[in-house]
Amino acid sequence: MSAVAETRGLVVRYAGATALDGVDLTVGEHELVALIGANGAGKTSLVRALSGLVRPDAGQVLVHGRLAQVPEGREMFAGLSVDDNLRLGGWRNGRAGRATGPVYELMPELTAVRHRAAGTLSGGQQQMVAIGRALMARPDVLVVDELSLGLAPKVVDMLVGHLRRLHAERGLAVLLIEQNARLALELCDRGYVLEAGRIVLHGDADRLARDPRVAAAYLGGHVAAEEPR
Amino acid sequence: MRTRTVLAAAAVTLALPLLLPERHLPVYVLLLLAATVTAGVSLLMGYAGQVSLGQAAFYAIGAYAAGLSAVHGVPTLIGLLVAPVVAALAAVVVGAPLLRLRGHHLAFATLAVHLILLSLLGQGTWAGGAIGLQGIPPLSLAGTPLRDDVGYAYVAWAVLAVVLLISHNVVDSRAGRGLRAAAGSEIAAAAGGVPVGGYRLVVFALSAAFAGLAGGVYAFYLGYLGPGSFPLLLSIEVVVMAVVGGLGTITGPVVGAAVITLLVQALNELGTRPGMPSYAPAALSYAVYALLLIAVVRYLPRGIVPAVAVLRKGTS
Amino acid sequence: MSDLLGYLLTGLGIGAGFALVGSGMVVIHRVTRVVNLAQGAFAVLAAMLTSALLATGLPHGLAEGAGVLVAAGAGVLTGIVAIGRPGTEPGAALIITLGLGVLAYAVEVTVWGDQPRSYAGLPGAVTLGGARIQAHYLLVIAVTLPVFAALMAFFRGTDPGKALTACAENPYAARVVGIDVRRMGLLAFGLGGALGGLAGVLLTPVQQVTFDSDVTLIVNGFAAAVLGGLTRPGVALAGGLLLGVAQTLIAGYGGGAHQLEIALLVMLAVMVAQAVRAGSVREVAR
Ligand SMILES: Nc1ncnc2c1ncn2[C@@H]1O[C@H](COP(=O)(O)OP(=O)(O)OP(=O)(O)O)[C@@H](O)[C@H]1O
Ligand SMILES: [Mg+2]
């Protein structure tokens, strides 16, 4: 399987502090990959490096095809309408590539609020707009930084459903960053565990979920596979 | 080591008026007065984080306070002491509402204060109107009127020394530390029990008092005042001096005032050489303010004094 | 009564100029957070250049157009110097624009001297409801209103306009979707330069210009802009017109030379009131 996004020996530093310290990570075509790690492990720094918002201090970032991100904290253009938020997601496509219809087809929930200012939406609605805005770039790989943070379980289920459909119907590759490791490992094929700027574990998602170290640190001490669904 | 440097600087600057040729003494006096005003700006911008684009308004208020009282028969030394008091009071009156503003709003408000003052001075018959205030007597110390530049050079020196001493003490005081905290994060400082608003007003008034005191000396030195003596550019000039020298340092204002005054003076001499067009002095000094200000903000954002300090640490 | 109408129209003409200067500041500020103190210099530059070009025999329209274009270029250059360095704070950028405004003095005095300049505008006078006013004031109004309509249409209805707003709303998110925030800032500076230049070329026939006329323009422009919190061009238009009318009325009914002070006092009062309101909102939120 060929890679759509990849880092090799990636190092990112901020004013002396090292956020990423030699990270090798690969997302293959049509692959669902989870990245889990504690607060401050460097997940968002990895996202920024992948989308070219910070320059690596060492190592390489290779993206084959288009990468779009759903940023941590959703980052709405609060005063602009939902529709304008979506349109600007397609900024790089040129005028012709900024039609927002397909996003409403995928997430009909947004149709009713399309003219509302994005800042007035609920957290779940904003997360949908953020996903829609990223999809407007017609990405080959979607990087989602904290899908579920602050959202009700029902809303999270719905968002996960949208991601599954995008993957199944369009073959979209996803790099999913999640505090909820159980959710991420269930959804994804493979996973990486980031600690203090280094990848400490990686492999098949169900193997990671059964790994006692992962269970102890991220799954509240229980091994995921033994949990009833 | 520090004390020795300070003493050496004091000795050199005290000897200068006697060594300099007569025609350079006005530059010396005006340089020290500029440094005095700049010390206030530096305190305001460096420690209280407030940009003032109207500091010369308080210079003018001090000058007019001294000039008017002297013209009306008040002893000149009292007039000189009245100058900073009036300027500080004016700052309190103006500052009480305006210091609620922050950043560029405050910068603009202070500029507006300067413009309003200019217009009031230009129209007020009590201030001599557009013609100005004439016949201000010279400053009398112990019954002897100061008539030559050397005397004013020493008065200006003493004034600057007092102002720098006060600055130094303020910076090291409780209020100074509170202010620095407030310049960093106002909410945090307020939560820590620092009376931020009060301190800001005090520093604003203090910086105005510095400017007013310098203005008082200026009034007696020149013997004439008009609205044209205090153009908007003067307010900008002291900001340039403060930024160039280095905000929030004690020596920065002196260095900044010296660099700018001497440069402008040199260019002025160049510009008034025979064969130069009539606009040359003005154009050259505008260009110098502008380029120095831009270059310093872009490349030495903390000013000359801190930059030199860093360099010296690096080489030793 | 007819006096009143005359003052109103004259005031609207002058106010339109303030509004153009102010909206230029708004356009720049909302995208870059920089208060551009060189804004008045764009107007003076354009006016001086236009006057020089007209003197060489270039026809009206072309000369004014060239003035506005050069002002737009000066705007972009100002932007490059002020925000070109990544990480320049808005406060530092404000000081830089102040420096550039002073630099413009040096250039203007060198190239065009320090004497006031003017040129003929739309000739003649019009009688409207018994009031005679110079026709040029009507031209100023007739140009300004469509320009503002176009500006609104640009911000509300086009993607580049929305992208400018997006940079103002959330620069990080703008970078996330691939908008080049720095380039957008320069675009805003160019637009601001053009608006300032337009004010200069429109006002010069009724108010002669000297190299330091920028102070009056910028004070009034800022007063207009600050009414809308420096973010809303539409409010800057209303504010500018209001200021123009108020000043003309004051001057017309005997206030004489106090117009500028009144504008300044209004501006100060509005700013303090806004700060007090914002402060009390913050306290409630705590
Ligand atoms: N802009 C920045 N400037 C300085 N340090 C930063 C910056 N952004 C992140 N850091 C530091 O880099 C490290 C990694 O941060 P990062 O945001 O990548 O972590 P994260 O894994 O996304 O954390 P979280 O789960 O809290 O979102 C942290 O120590 C953080 O303090
Ligand atoms: Mg993060």
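Guide: Welcome! One term before we start: a residue is called buried when its relative accessible area is under 20%. Please also keep in mind that this is a predicted model.

Visitor: How many residues of helix 2 of chain A are buried?
Guide: Helix 2 of chain A runs over residues 82-89 and is mostly covered. Its buried residues include A:Val82, A:Leu86 and A:Leu88, and also A:Asp83, A:Asp84 and A:Arg87. The count of buried residues in this helix is 8 of 8.

Visitor: Which helix of chain C do the buried residues of helix 2 of chain A pack against?
Guide: Within chain A, these buried residues pack against helix 3 (101-106) and helix 4 (123-135). Their packing also takes in an element of chain C, namely helix 6 (159-169).

Visitor: Which pair of chains has the most contacts?
Guide: There are 2 pairs of chains that touch. Chain A and chain B are not joined by any contact, and their closest C-alpha atoms lie 18 Å apart. The pair with the most contacts is chains B and C.

Visitor: Which helix gives the largest share of the shell around ligand 1?
Guide: The shell around ligand 1 holds 14 residues, and among those that come nearest are A:Gly40, A:Lys43, A:Thr44, A:Ser45 and A:Glu72. By class, the shell has 4 nonpolar, 6 polar and 4 charged residues. The largest share is 4 residues, and they come from helix 1 (residues 43-50) of chain A.

Visitor: How much of the accessible area of ligand 1 does the protein cover?
Guide: Let's start with the polar atoms: the side chain of A:Asn39 has an N or O atom 3.0 Å from an oxygen atom of ligand 1. A backbone N or O atom of A:Gly42 lies 2.9 Å from a ligand oxygen, and a polar side-chain atom of A:Lys43 lies 2.7 Å from an oxygen atom of ligand 1. Of the 630 Å² of accessible area that ligand 1 has on its own, the protein covers 60%.

Visitor: Is A:Cys188 buried or exposed?
Guide: A:Cys188 has a relative accessible area of 6%. The cut-off is under 20%, so A:Cys188 counts as buried.

Visitor: How many disulfides does a search of the whole structure find?
Guide: A disulfide needs a pair of cysteine sulfur atoms within 2.5 Å. The model does have cysteines, including C:Cys167, which is buried at 1% relative accessible area. Over all chains, the number of disulfides found is 0.

Visitor: What is the phi of A:His30?
Guide: Most residues other than glycine have a negative phi. A:His30 sits in the loop between strand 2 (17-28) and strand 3 (32-37) of chain A, and it counts as partly exposed at 47% relative accessibility. Although A:His30 is not a glycine, its phi is positive, at about 55 degrees.

Visitor: And in chain C, what is the phi of C:Arg33?
Guide: C:Arg33 is placed in the loop between helix 1 (2-32) and helix 2 (39-55) of chain C. At 38% relative accessibility, C:Arg33 is partly exposed. Here too a residue that is not a glycine has a positive phi, about 65 degrees.

Visitor: Which backbone oxygen does the side chain of C:Thr204 reach?
Guide: C:Thr204 lies in the loop between helix 8 (181-203) and helix 9 (214-227) of chain C, and it is buried at 3% relative accessible area. Leaving aside neighbours within four places in sequence, its contacts are C:Ala47, C:Arg117, C:Ser118, C:Tyr119 and C:Val209. At 2.6 Å, the C:Thr204 side chain reaches the backbone oxygen of C:Gly200.

Visitor: With which side chain does the side chain of C:Asp114 make a polar contact?
Guide: C:Asp114 belongs to the loop between helix 4 (90-112) and strand 1 (125-128) of chain C, where it is partly exposed at 41% relative accessibility. Beyond its neighbours within four places in sequence, it is in contact with C:Thr210 and C:Phe211. The polar contact, at 3.2 Å, is with the side chain of C:Gln115.

Visitor: How far apart in space are A:Arg207 and A:Ala217, C-alpha to C-alpha?
Guide: A:Arg207 is in helix 7 (residues 205-210) of chain A. At 52% relative accessibility, A:Arg207 counts as exposed. A:Ala217 is 10 residues away from A:Arg207 in sequence, and the C-alpha to C-alpha distance is 15 Å.

Notes
Residues numbered from 1 in each chain as written. Chains lettered and ligands numbered in written order. Predicted model: local features only at pLDDT ≥ 70, side-chain atom pairs only at ≥ 80, totals over all residues. Heavy atoms only, no water. Buried < 20%, exposed > 50% of the residue type's maximum accessible area, 1.4 Å probe, protein only. Contact = heavy atoms within 4.5 Å. Near = heavy atom within 4 Å. Polar contact = N/O pair within 3.5 Å; in protein donor to acceptor, adjacent residues only side chain to side chain. Areas by Shrake-Rupley, 256 points an atom, 1.4 Å probe, with all protein chains shown as cover. Helix = DSSP H or I, 4+ residues; strand = E, 2+ residues; numbered from the N terminus. Nonpolar A, V, L, I, M, F, W, Y, C, P; charged D, E, K, R; others polar.
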